[in-house]
Amino acid sequence: METPAYIIDEKILTRNLEILAEVQKSTGAKILLAQKCFSAYYFYPLIKKYLSGTASSGLHEARLSKEFFGGENHVYAPAYKDSEIIELAEICDHVIFNSFRQVEKFADKVKSAGLRINPEHSTQKISIYDPCSKNSRLGVRIDEFKSARRDLLEKLDGLHFHTLCEQNSDALEETVDAVEKNFGEYLYKMKWLNLGGGHHITKSNYDIERLKKIICRLKNKYDVEIYLEPGEAVALDAGFLVASVLEIQNLRDGVQNVIIDASAACHMPDVLEMPYTPKIIGAAEIGVKKFNYRFGGATCLAGDIIGEYSFDNPLNEGDEIIFCDMAIYTMVKNNTFNGVKLPAIYAKTFDGELKLIKNFSYENFKGRLS
Ligand SMILES: *Cc1c(COP(=O)(O)O)cnc(C)c1O
């Protein structure tokens, strides 16, 4: 296998999908794949066996969903363009708006209009992932909602909120409390309520029973259809990024630098954005095992550092390194900074075979630039 390459494991993906399908079955809620997290559409036929549809962030994702998924197609964007709303209206079942102004402009054109609300209840401290942070542009706050024109309110079939990121159902519970306190009276008039994403449902410590209780209570109390649109939970731990060691720099003291043919900046940008250190199979945190290394990408960016790790045995040029949990927010965010090659994409099939889905070349790099 040529590196760098992503491998998506169909067995692990299916394990996640089974968990999500069970939540749908036992609550009657509908679960959508948030395509912005994972949209390797080769796997859509598999995902479609379990989930109800997709959540899109705009026209291109909505088109991808229509072409390759074919289930319910929901879209939310902070603002839509005049030039795209007709096509969106045609291919999307729900169009979720971010402001009453957008509702005024476009709601009459779409099949089912919704509005994103801002519950103004933060459950996390990382502000770039917190839509409830001060001056957030995402969602309508209760103050504005209360003074909205009646005719615009009447155009709404549903409400949507998205405030969580990698969180458990206790954070959802708090958020739902905040939503009900302020928006409860309006929920009785809605047909649906979308609880957004950020639900870490397939993580081993996630309290699924509490999620189910919340869903069932909301459904019964307000007589609404409940939607969830997780991204991470769908493909959590289902992907790997395989890279090769190109060179090892023996610094006199301190850890040794390893340069690999993958890059944090190009292939795992969340490592720098979040930031976090991805797991490598066979490695431990620095200082735990005997041989210590600091992994960097083959780009010019000094900060293209993936992390520091320790190994039982010394590494050598040509060794393969396997990073874990690399299906989510990777392929969708890749770039070709420095002209670095995009990783190939493989499926690990149910039979355990590696199947090449897509390879990238110089042409893919060139094609985006002129
Ligand atoms: C990011 C996002 C999601 C998916 O979030 P995950 O953390 O991947 O589950 C769903 N809905 C909206 C509106 C989002 O912005």
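Before I turn to the ligand, a word on sorting residues: Ala, Val, Leu, Ile, Met, Phe, Trp, Tyr, Cys and Pro count as nonpolar, Asp, Glu, Lys and Arg as charged, and the others, Gly among them, as polar. With that in mind, and remembering that what you see is a predicted model, the shell of residues around the ligand divides into 3 nonpolar, 5 polar and 3 charged.

Which residues surround the ligand? Going along the chain, they are Ala 34 and Lys 36, then His 160 and His 162, then Gly 197 and Gly 198, followed by Glu 229, Pro 230, Gly 231 and Glu 232, and finally Tyr 329. As for where this happens, the ligand sits in the largest pocket.

Some of these neighbours can be described atom by atom. Glu 229 places a polar side-chain atom 2.8 Å from a nitrogen atom of the ligand, while His 162 has a polar side-chain atom that lies 3.5 Å from an oxygen atom of the ligand. Gly 231 takes part through its backbone, where an N or O atom lies 2.8 Å from an oxygen atom of the ligand. On its own the ligand has 390 Å² of accessible area, and the protein covers 87% of that.

Let me now step back to the chain as a whole, which has 13 helices and 17 strands. Its C-alpha trace spans about 70 × 45 × 45 Å along the principal axes. The radius of gyration of the protein chain is 22 Å, which agrees with a compact globule, because one of 370 residues would have a value near 21 Å.

I would like to close with the backbone, where a few places deserve a careful look on the screen. A cis peptide bond joins Thr 3 and Pro 4, with omega at about 0°, and Pro 4 belongs to the segment before strand 1, which covers 5-9. Another cis peptide bond joins Met 274 and Pro 275, this one with omega at about -20°, and Pro 275 lies in the loop that runs between helix 12 (270-273) and strand 12 (284-285).

Finally, what is the sign of phi at Asn 135, a residue other than glycine? Phi of Asn 135 is positive, near 65°, and the residue is found in the loop between strand 6 (113-116) and helix 6 (142-146).

Definitions and conventions:
Residues numbered from 1 in each chain as written. Predicted model: local features only at pLDDT ≥ 70, side-chain atom pairs only at ≥ 80, totals over all residues. Heavy atoms only, no water. Near = heavy atom within 4 Å. Polar contact = N/O pair within 3.5 Å; in protein donor to acceptor, adjacent residues only side chain to side chain. Areas by Shrake-Rupley, 256 points an atom, 1.4 Å probe, with all protein chains shown as cover. 1 Å grid on protein atoms, 1.4 Å probe; cavity = no way out; pocket = protein on both sides within 12 Å on 5 of 7 lines; lining within 4 Å. Sits in = over half its atoms within 2 Å of the grid points. Helix = DSSP H or I, 4+ residues; strand = E, 2+ residues; numbered from the N terminus. Rg over C-alpha atoms; globule rule 2.2 N^0.38 Å.
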